[in-house]
Amino acid sequence: MLKKLNIMVLALAIVFAISACSAKGDAAKGKVIYVENCEICHGNAGKGDGAASAVLNPKPTDFTNTALMSKRTANDLFKVVTKGVPNTGMAPYEKMLSEKERWDVVAYIRTFAQKARSSAKGDAAKEDDERFIFSDLTVKDKETRLIWTRDANIADKEMTWKDAFKFVKKLNKQKYAGYSDWRLPTIEELKTLTHYAKGQGNKGYYNDLFNKIGFRNVEAYSYWSSSAYDGSTAYAWIVFMVAGHVDGLNKTFTSYVWPVRGGK
Ligand code: HEC
């Protein structure tokens, strides 16, 4: 029992270490660097209205501009801070700040848009810009790096588990959206979507949320996963895109198919 507990603690420690790494940069430390180096132009609240901004053309970037900032990854910002923007007031900080300090300040400037976004309460669409990148036929989840088809019911019908595989194979043959590595998602991959919807404070009808933010034809019904249900060969896991309920379904029954590709 004690041994088991130790393993649990170790596993938790690893999970925390990984999430700390992927967050890259310490916003609290970044704030100190920001106040010393950046505030004069970008302003105390990150609005691009610092004391020196009046004489600058172009004006310093407004970090509370959520539409702009949602297009910028941490890497993009890091690059600008490192290399500067030629012929503007934005100098390269490669020599003035260490790599660690540049990541810290990037973590801090990203908090301005996060704050602006959460104060624009109730506007779910804005939150979603942050997590998903919508293209014509595909949607990239920035968090999981999975690429989903934008249309969550391309087949326009439910089908058996076997037919679901056949359908995905057909998509690959057709190079749907230019790719030939579409697959049926695992149960864990489907759950990343329902967890997201739940995290948005939705109590149900996740399909409505997904359709509202830019997906198409997300059905208020069950979706097939590729995962075997409790080691059974006759059943596979399904997820209801209504409120995230998961269950095992006999493979000869029917569900919808939402293909995915990529991932971490
Ligand atoms: C002398 C004024 C000045 C200072 C000081 C300054 N910046 Fe800038 N910064 C600018 C200007 C002007 C721009 C806009 C450049 C443009 O429009 O292309 C900019 C743009 C940026 C961008 C690009 C945003 C985007 O569009 O992707 C980032 C990131 C940035 N600054 C971060 C910082 C950080 C971090 C610091 C402090 C370490 C800092 N800046 C200090 C003037 C300044």
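The following conversation goes through one predicted model, from its overall make-up to single residues.

Me: What is the status of the model, and how are residues numbered?
Reply: The model is predicted, so local features need pLDDT of at least 70 and side-chain atom pairs count only at pLDDT 80 or more, while totals for chains, interfaces and linings use all residues. Residues are numbered from 1 along each chain as its sequence is written.

Me: How many helices and strands are in the protein chain?
Reply: The protein chain has 10 helices and seven strands. These are DSSP runs numbered from the N terminus, with H or I over at least four residues for a helix and E over at least two for a strand.

Me: What percentage of the residues is buried?
Reply: Of the 264 residues in the protein chain, 29% are buried. A residue is buried if 20 or more other C-beta atoms lie within 10 Å of its own, exposed if 12 or fewer, and partly exposed in between, with C-beta atoms placed from the backbone.

Me: And what share of the contacts is between residues 24 or more positions apart?
Reply: Such pairs account for 56% of the contacts with a separation of 6 or more. Two residues are in contact if their C-beta atoms, placed from the backbone, lie within 7 Å.

Me: Turning to helix 6, what is its reach from first C-alpha to last?
Reply: Helix 6 covers residues 99–119, 21 residues in total, and reaches 31 Å. That is close to the 30 Å expected at 1.5 Å a residue, where the expected span is 1.5 Å times one less than the number of residues.

Me: Which of its residues are buried, and what covers them?
Reply: The buried residues of helix 6 include Trp 103, Tyr 108, Ile 109 and Phe 112, and also the charged Asp 104 and Arg 110. Among the elements that cover the buried residues are helix 2 (27–37), helix 4 (66–69) and helix 5 (74–83).

Me: How are the buried residues of helix 2 arranged around its axis?
Reply: Gly 30, Ile 33 and Tyr 34 are buried in helix 2. Seen down the axis, they fall within an arc of 105 degrees, so they line one face of the helix; the arc is that of the directions from the helix axis to the C-beta atoms. An α-helix has 3.6 residues a turn, so residues three or four places apart point the same way.

Me: What do they pack against, and what is on the other side?
Reply: The buried residues of helix 2 pack against helix 3 (39–42) and helix 6. On the other side, Ala 28, Val 35 and Glu 36 are exposed.

Me: Different topic: which residues come nearest to the ligand?
Reply: Cys 38, Cys 41, Pro 58, Gly 89 and Met 90 come nearest, out of 22 residues around the ligand. A residue is near a molecule or strand if its C-beta atom, placed from the backbone, lies within 6 Å of it.

Me: What is the shell made of, and which helix gives the largest share?
Reply: The shell divides into 15 nonpolar, five polar and two charged residues. Here Ala, Val, Leu, Ile, Met, Phe, Trp, Tyr, Cys and Pro count as nonpolar, Asp, Glu, Lys and Arg as charged, and the others, Gly among them, as polar. Helix 5 gives the largest share, four residues, and helix 3, helix 5 and helix 6 each supply at least two.

Me: Where is Pro 58, and is its peptide bond cis or trans?
Reply: Pro 58 is in the loop between helix 3 and helix 4. The peptide bond from Asn 57 to Pro 58 is cis, with omega near 0 degrees.

Me: Now strand 5: how is it joined to strand 4 and strand 6?
Reply: Strand 5 runs antiparallel to strand 4, with four bridges, and antiparallel to strand 6 (residues 246–250), with five bridges. Two strands pair if DSSP finds at least two bridges between them. Trp 224 has Ile 238 of strand 5 as its bridge partner, and Tyr 235 stands opposite Asn 250 in strand 6.

Me: Is strand 5 mostly covered or uncovered?
Reply: Strand 5 is mostly covered, as five of its six residues are buried.

Me: What about Ser 232, buried or exposed?
Reply: Ser 232 is exposed because 11 other C-beta atoms lie within 10 Å. Its place is in the loop between strand 4 (222–228) and strand 5 (235–240).
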